[in-house]
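Biologist: I'm new to this structure and would love a close look at its salt bridges. Could you start from one charged side chain and lead me outwards from there?

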Amino acid sequence: MTDPQRVLAGRYIVGELIGHGGMSTVFRGTDMKLGRPVAIKILKAALANDTAFRDRFRQEAQSASRMAHPTIVRVYDAGDDLMQTPDGTQMQLPFIVMEFIEGQNLKEVLASGPLAGDEACRIMESVLTALEYSHRAGVVHRDIKPANIMITPTGQIKVMDFGIARAISDTSSTVAQTTAILGTAAYFSPEQAKGETVDARTDLYSAGIVLFEMLTGKVPFRGDTAVAVAYQHVSEPPVAPSTRNPDVSEALDRVVLKALAKDRTKRYQSAAEFRDYVKLAATGTVPDFRSANELEESIFGTTNAPLSESEMALKQLSESPTVVRTQNRPPVMWTWAAILSIGVIIVAVTFWLLTLAPQSIVPDATRIVPSLTGATQESATDTLSKLDLIVQPFQEENADIPEGQVIRTDPETGTKVAPETVISIYVSTGPKHVSVPTVQWLNVDDAKQQLTELGLKVGTIDSVEDPSLPENSVIGSTPAAGESVPKGTTVDLHVSNGQVSVPNVVGQGMTVARDVLQGLQLDVQLVPNGGCARVEGNPIVEQSLAEGRHPQGSVITITYCNA
């Protein structure tokens with residue numbers, strides 16, 4: 001598989017090895033059709049013999065390929081191909097072709113130790129944004145872990161391997177089997193460990209484990225076997241991250257422990273909710289997860305809480321059997337007076353709202369996301385910073401908005417948000433760049449098709465003489481082959497017209513004349529003339545084709561002196 005000329009599905013060149021895990025080996029590759037780099041994940045032979053798995057794998061990969069989001073690694077293609085396994089046998093191995101991402105995965109980053117709280121929150125916000133998008137699309141990841149989270153050199157976060165875990169879990173009957181393939185049980189949810197059905201909240205539990213690991217450098221549950229770890233997920237309460245790393249704030253402790261609730265109904269119920277609390281904790285605010293009843297009890301007291309002297313006196317008075325209520329209900333007159341007063345108040349407030357109130361009431365602590373489309377990244381960042389909003393930039397291809405300008409924001413323009421809210425700005429990288437393909441020697445129609453498939457436009461077609469190429473063959477292009485250009489760029493073709501310009505060789509020596517004409521790919525016939533005087537070099541005295549343009553390969557007879 002390390003042969004750089006190994007081709008999958010007649011389209012993908014397999015390049016160097018860039019990674020491997022419990023279930024797959026990953027190679028850098030090239031899509032020959034589109035001329036772009038890709039990552040090719042080839043699943044191990046242990047999975048290949050299972051027809052049900054291959055069918056499920058292809059189905060899940062197709063579902064994943066429909067997801068397009070800046071925080072998700074794109075899936076381009078999937079299938080299986082005849083390959084050689086390490087023991088030398090030939091068999092059909094499943095593969096998946098993905099977007100190639102420069103950078104490191106989070107597992108590699110965490111090998112150096114835990115992250116600062118703000119950086120852990122930034123990464124987790126992007127992971128939860130990816131999960132929010134996938135859950136809305138009906139796709140549960142099932143294998144959220146650091147190895148599946150990529151970090152680009154610019155700090156952008158990308159989540160990968162959507163759908164693969166489902167294909168595996170649907171064809172593996174036990175925790176041990178699934179773990180042997182996926183590689184670890186450290187990120188399993190309790191319901192996965194028990195073999196129950198999973199839903200979006202399963203991903204949120206795993207995300208909570210990842211956040212714990214980012215903050216402490218270690219996962220909360222460890223053991224000698226997958227079953228031992230699974231048992232802890234089901235039965236043992238997690239410790240607060242701050243017990244492992246005292247630098248972790250109380251706010252992050254609470255956010256993590258909420259995500260790691262054994263009962264999924266007590267976890268966050270959506271990725272968006274989890275992300276909101278991560279953002280809150282990043283500001284240092286300690287979240288309050290108490291229910292409305294619990295909040296009421298905290299305000300008015302509970303039956304178990306000690307009462308103050310005044311509260312005790314009121315309680316005793318209300319419960320005393322000697323207290324006689326002199327009136328069970330207010331007189332009718334007071335009832336109607338109260339109704340009339342309420343009516344007057346309602347009318348007055350309605351009048352004020354319709355006529356006197358300002359048209360827009362925005363509290364001082366509220367910010368409105370401004371319109372930034374078309375602004376430069378620097379300008380947009382400055383504008384949002386002045387509003388006490390936090391900027392998170394992403395890059396996105398866009399053929400209509402020039403490179404470096406803002407395409408859109410999330411939340412969108414006009415949304416009311418609190419100070420310190422993270423605003424994602426999507427900055428255009430311009431249209432996608434492609435490499436001009438090598439079209440030399442191709443027929444002009446084939447060259448046109450190849451350019452069009454890459455999103456390039458065919459410009460002028462110059463007719464050029466070239467004796468080495470047959471008529472309608474491409475000699476070259478402008479821009480030249482290999483040059484990186486934006487999609488939509490016009491490429492001019494230089495095409496052989498099948499003609500050659502025949503020179504006048506009369507008077508030239510026979511050897512020189514013959515070489516010149518043969519260099520033009522003409523069929524040269526030499527005829528001696530014994531009737532002329534002997535001259536050194538055997539000069540040409542006659543040629544059958546006149547000087548000027550003639551079709552390639554034409555027969556030309558040249559007569560030379562040979563007295």
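**A close look at the salt bridges**

Modeller: Happy to! Let's start at R264, which is buried, with a relative accessible area of 15%. Please keep in mind as we go that this is a predicted model. What does R264 pair with? Its salt-bridge partner is E196, and the closest N and O atoms of the two are 3.7 Å apart. That distance falls within the 4 Å allowed for a salt bridge. E196 sits in the loop between helix 7 (190–193) and helix 8 (200–216), while R264 sits in the loop between helix 10 (250–259) and helix 11 (271–282), so the pair ties together parts that are 68 residues apart in sequence. The two partners do not share a label for accessibility: E196 is partly exposed, at 41% relative accessible area, whereas R264, as we saw, is buried. In general, side chains of opposite charge can pair when their charged atoms come close.

How many salt bridges does the structure hold? There are 20, and two others are worth a visit before we return to R264.

Start with D388 and R367, whose side chains meet in a salt bridge at 3.2 Å, N to O. D388 belongs to the loop between helix 15 (377–386) and strand 11 (390–396), and R367 to strand 10 (residues 367–368), so this pair ties together parts that are 21 residues apart in sequence. D388 is partly exposed, with a relative accessible area of 37%. For R367 the value is 17%, and since buried means under 20%, that places it in the buried class.

Then look at D515 and R514, where the salt bridge spans 3.5 Å from N to O. D515 is partly exposed at 43% relative accessible area, and R514 also counts as partly exposed, at 26%. Now back to our starting point: salt bridges that share partners join R264 and E196 with K194, D199 and R201 into one network.

Charged pairs are not the end of the story, for the structure also holds 1 disulfide. This link is between C532 and C561, with their sulfur atoms 2.2 Å apart. C532 is found in the loop between strand 21 (523–529) and strand 22 (540–543), and C561 in strand 24 (residues 555–561), so the disulfide ties together parts that are 29 residues apart in sequence. Is each cysteine buried or exposed? C532 counts as buried at 18% relative accessibility, and C561 is buried at 5%.

You met strand 11 next to D388, so let's follow that strand into its sheet. An open sheet with mixed pairing is formed there by 3 strands in the order 11-14-12. Strand 11 and strand 12 (406–410) are the edges, each pairing on one side only. From one strand to the next, the twist averages 25°. Strand 11 pairs with strand 14 (residues 422–428) in the parallel sense, over 7 bridges. If you would like a spot to find on your screen, F394 stands opposite Y426 in strand 14.

Another open sheet, also mixed in its pairing, has 3 strands in the order 16-19-17. Here the edge strands are strand 16 (457–464) and strand 17 (474–478), each of which pairs on one side only. The average twist from one strand to the next is 25°. Strand 17 and strand 19 (residues 490–496) run antiparallel and are joined by 4 bridges. Within this pairing, V474 stands opposite V495 in strand 19. Helix 16 (residues 444–453) packs on this sheet, touching strand 16, strand 17 and strand 19, and its direction makes about 165° with that of strand 19.

Finally, a word on confidence. The protein chain averages a pLDDT of 81, and 79% of the residues score at least 70. Helix 10, which comes before the loop holding R264, has the highest mean pLDDT among the elements of the chain, 96, and helix 13 (residues 309–319) has the lowest, 43. Over residues 298–305 the pLDDT stays under 50, and the model has 3 contacts for them beyond four places in sequence. Residues 307–312 are below 50 too, with 2 contacts in the model beyond near neighbours in sequence.

Notes: Residues are numbered from 1 along each chain as its sequence is written. This is a predicted model: local features need pLDDT of at least 70, side-chain atom pairs count only at pLDDT 80 or more; totals for chains, interfaces and linings use all residues. Side-chain values use heavy atoms; hydrogens and water are left out. Helices (H or I, at least four residues) and strands (E, at least two) are DSSP runs, numbered from the N terminus. Buried means under 20% relative accessible area, exposed over 50%, partly exposed in between (1.4 Å probe, protein chains only). A disulfide is a pair of cysteine sulfur atoms within 2.5 Å. Two strands pair if DSSP finds at least two bridges between them. Axes are lines fitted to C-alpha atoms, for helices over the stretch in contact, and angles run from 0 to 180 degrees between N-to-C directions. Contact means heavy atoms within 4.5 Å. pLDDT is the predictor's confidence in each residue, from 0 to 100.
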